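Thanks for sharing this one. Here are a few notes to read with the structure open in front of you.

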Amino acid sequence: MIPTVKLNNGVEMPQLGFGVFQVPETETTAAVTTALESGYRSIDTAAVYQNEAGVGKALASSGIAREELFITTKLWNADQGYEETLAGFEHSRGLLGLDYLDLYLIHWPAPELGKYADSWRALEKLSADGVVRAIGVSNFQPAHLKQLAAASSVVPAVNQVELHPYLVQAEVRAYGNEHGIATEAWSPLAKGGSLLTETAVTELAAKYDRSPAQVILRWHLQLGNIVIPKSVTPARVRENFAVFDFSLTSDDLASLDALDRGERTGPDPDTFNVA
Ligand code: NDP
């Protein structure tokens, strides 16, 4: 049973999902099928990943009831703006082959474009029309969230940000906690790089007879983050799901918190304006 996080509109979102960034369209159906067979029910894609149709094929052939699935996609920067957002949503929904989405996110604030408040109004309309169950943002810093709050009374249900022990995002998480915005961690394993061989991580892996990735995913879950690891390796897909039968102590969690060095693997949201 996957724990859920109750979003600010009452919708329950699985705390663990499966991400498909950089999975080529031709491999996406197989990867998502493996994830669904392993027990994942939440899938995270985006228009810019160009694999929404591959996700849709896996969903259609899975035989899993629609209401058991939780599907997220994201609006690309080039599609920001009110009318463009409505069109971008329709395009994604068509590729996914779904009647409704569970979560739709503005992918980046792209502050230089100056359009995220207009895009947000379109997300509010999609929500009011019932074609998406929850709406949120991604890569929003507190300053962007404050600006959005000044323009709209609808609070994002989710903010999906880069987050892992090298980048613990204390301010973003505190802002979310204070305002009822669930924090979702992208690149939760810091892209499978040197984090997995950090002594603090491998010591805990040995202590619990678990893999480094499982230890890091436990850290996220116990912090309350929603988490969406990606893998195209079936054994890792299953391994990343087997994280509900052990727990870390508060000292263990603190030893992972101490790895924070404010280091991003991806772009800085304040300056990323690519459209
Ligand atoms: P992750 O932190 O999930 O790491 C993925 C990498 O780690 C892959 O190279 C994978 O290898 C490897 N890996 C996965 N599991 C294990 C394991 N158990 N042991 C060892 N290595 C492992 O990075 P992502 O950047 O993919 O982030 C996850 C998801 O977050 C994305 O897929 C996407 O859905 C979302 N995302 C959102 C962004 C946004 O701007 N909103 C930006 C970036 C990501 P392999 O696949 O070869 O097995």
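1. Please keep in mind that this is a predicted model. I began with the shell around the ligand, where helix α9 (residues 234–241) gives the largest share, three residues.

2. Which residues come nearest to the ligand? The ligand has 29 residues around it, and the nearest are Asp44, Ser187, Lys230, Ser231 and Thr233. Sorted by class, the shell holds 13 nonpolar, ten polar and six charged residues.

3. Some polar contacts deserve a look on screen. Ser187, already listed among the nearest residues, has a side-chain N or O atom 2.7 Å from an oxygen atom of the ligand. For Trp186, a side-chain N or O atom is 3.4 Å from a ligand oxygen. At Val20 the partner belongs to the backbone instead: a polar backbone atom there is 3.2 Å from an oxygen atom of the ligand.

4. How much of the ligand's accessible area does the protein cover? On its own the ligand has 910 Å² of accessible area, and the protein covers 89% of that. As for location, the ligand sits in the largest pocket.

5. Turning to the sheet, you will find eight strands, and the sheet they form is open. Reading across, the order is β3-β4-β5-β6-β7-β8-β9-β10, with parallel pairing. The edges are β3 (18–19) and β10 (226–227), each of which pairs on one side only.

6. One pair inside that order is worth a closer look. Strand β7 (residues 132–138) pairs with strand β8 (residues 158–162) in the parallel sense, and two bridges join them. Which residue does Ser138 stand opposite in β8? Its counterpart there is Gln160.

Conventions: Residues are numbered from 1 along each chain as its sequence is written. This is a predicted model: local features need pLDDT of at least 70, side-chain atom pairs count only at pLDDT 80 or more; totals for chains, interfaces and linings use all residues. Side-chain values use heavy atoms; hydrogens and water are left out. A residue is near a molecule or strand if one of its heavy atoms lies within 4 Å of it. A polar contact is a pair of N or O atoms within 3.5 Å; within protein, one must be able to donate a hydrogen and the other to accept it, and residues adjacent in sequence count only if both atoms are side-chain atoms. Accessible areas come from the Shrake-Rupley method with a 1.4 Å probe; for residues, only the protein chains shown count as cover. On a 1 Å grid over the protein atoms alone, a cavity is a set of points where a 1.4 Å probe fits but cannot get out, and a pocket is an open set with protein on both sides within 12 Å along at least five of seven lines; lining residues have an atom within 4 Å of a point. A molecule sits in a cavity or pocket if more than half of its atoms lie within 2 Å of its grid points. Helices (H or I, at least four residues) and strands (E, at least two) are DSSP runs, numbered from the N terminus. Ala, Val, Leu, Ile, Met, Phe, Trp, Tyr, Cys and Pro count as nonpolar, Asp, Glu, Lys and Arg as charged, and the others, Gly among them, as polar. Two strands pair if DSSP finds at least two bridges between them.
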